[in-house]
Amino acid sequence: MKKAKRVFLVCMVMLLAAVQSVSAAGSAGGTSVQETVKKKSRKDFIIAIDAGHQRKGNYRKEPIAPGSGKKKAKVSSGTQGVATGLAEYRLNLAVAKCLKKQLKQMGFQVYMVRKTHDVNIPNSKRVKMAVKAKADILIHIHANGSARRSDKGAFTICQTKKNPWQKQYKKSSALAKYVLNAYCAATSIKKRPISERDDLTGINYSPIPTIFIEMGYMTNPSEDRKMAKKANQLKMAKGIADGVEKYYKAYGRER
């Protein structure tokens, strides 16, 4: 009887050990699953910057979206400052380079669509380059022009809710809001309303959250002079970077 009891106790000990082993394995498996849903770190977050336009425009036409019958020029050279004569494509790249430096100092990865003025990159290809680089977001850097010299201020552009080609409205509109608010706070440039459009090639080809920032009016003498100064370009870049930081904290950590 005592022998049978000892055998029973040994069996129970072995059973408990087996249960604990399975439980430990399950916990290890759970840890593995948790590791796959960790938040994306800054060093893994890639921001694509497209300095809008280029020295020489390419006015051959391309579809405004994949499969669209509507077409527009592949890329233009942009506007220029009425007071300074500064070409928009130069301003855009100057700010883009400052922005790259700011973002890298913050720990992000940066992909530059263009690094020089003498390129020939259609707007659709600019998006494809960013996507190929596995960018998490895409920011097109631009400045504005108007027939009225009194027009001034900055605004961002994103897709509408009903964009038939891309479905990134929630994140794109959030990025547009964060960047615009931070940019205007950093520069004291007047904040204009966010524009939602579905006729821009740089948005319609993009499967990732994408915005344009129109940094100010180069046809406004005062704003033109302000944007042409290097010290102000640093502030402009800092504002955009601060907006990206806010977006990253809200959405960018998601894998």
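Tutor: Before we look at this predicted model, a term is needed: two elements are in contact when heavy atoms lie within 4.5 Å.

Student: Against which elements do the buried residues of α6 pack?

Tutor: Helix α6 spans residues 221-228, and its buried residues are E223, D224 and M227. Taking contact as heavy atoms within 4.5 Å, these buried residues pack against two helices and two strands, namely α2 (88-105), α7 (230-252), β5 (137-144) and β8 (210-217).

Student: Why are the buried residues of α6 on the same side of the helix?

Tutor: The residues in question are E223, D224 and M227. They lie on the same side of α6 because the arc they cover around the axis is only 105°. In general, an α-helix has 3.6 residues a turn, so residues three or four places apart point the same way. For the buried residues of α6, the value to keep is therefore an arc of only 105°.

Student: Which residue has a side-chain oxygen that reaches the backbone nitrogen of S222 at the start of α6?

Tutor: The backbone nitrogen of S222 has a side-chain oxygen within 3.1 Å, at the start of α6. That oxygen belongs to N220.

Student: Which residue just after α3 takes a positive phi?

Tutor: Helix α3 covers residues 123-132, with S124, R126, V127, M129 and A130 buried. Among the elements that cover these buried residues are β1 (46-51) and α5 (201-204). Just after α3, a positive phi of about 65° is found at K134.

Student: How many charged residues line the largest cavity?

Tutor: The largest cavity holds about 30 Å³ of space, and its lining consists of Q159, Q168, S172, I203, S206, I208 and T210. By class, 2 of the lining residues are nonpolar and 5 are polar, while the number of charged residues is none.

Terms used. Residues numbered from 1 in each chain as written. Predicted model: local features only at pLDDT ≥ 70, side-chain atom pairs only at ≥ 80, totals over all residues. Heavy atoms only, no water. Buried < 20%, exposed > 50% of the residue type's maximum accessible area, 1.4 Å probe, protein only. Helix = DSSP H or I, 4+ residues; strand = E, 2+ residues; numbered from the N terminus. Arc of directions from axis to C-beta. Polar contact = N/O pair within 3.5 Å; in protein donor to acceptor, adjacent residues only side chain to side chain. 1 Å grid on protein atoms, 1.4 Å probe; cavity = no way out; pocket = protein on both sides within 12 Å on 5 of 7 lines; lining within 4 Å. Points joined across faces, edges and corners; volume = space filled by probe spheres on them. Nonpolar A, V, L, I, M, F, W, Y, C, P; charged D, E, K, R; others polar.
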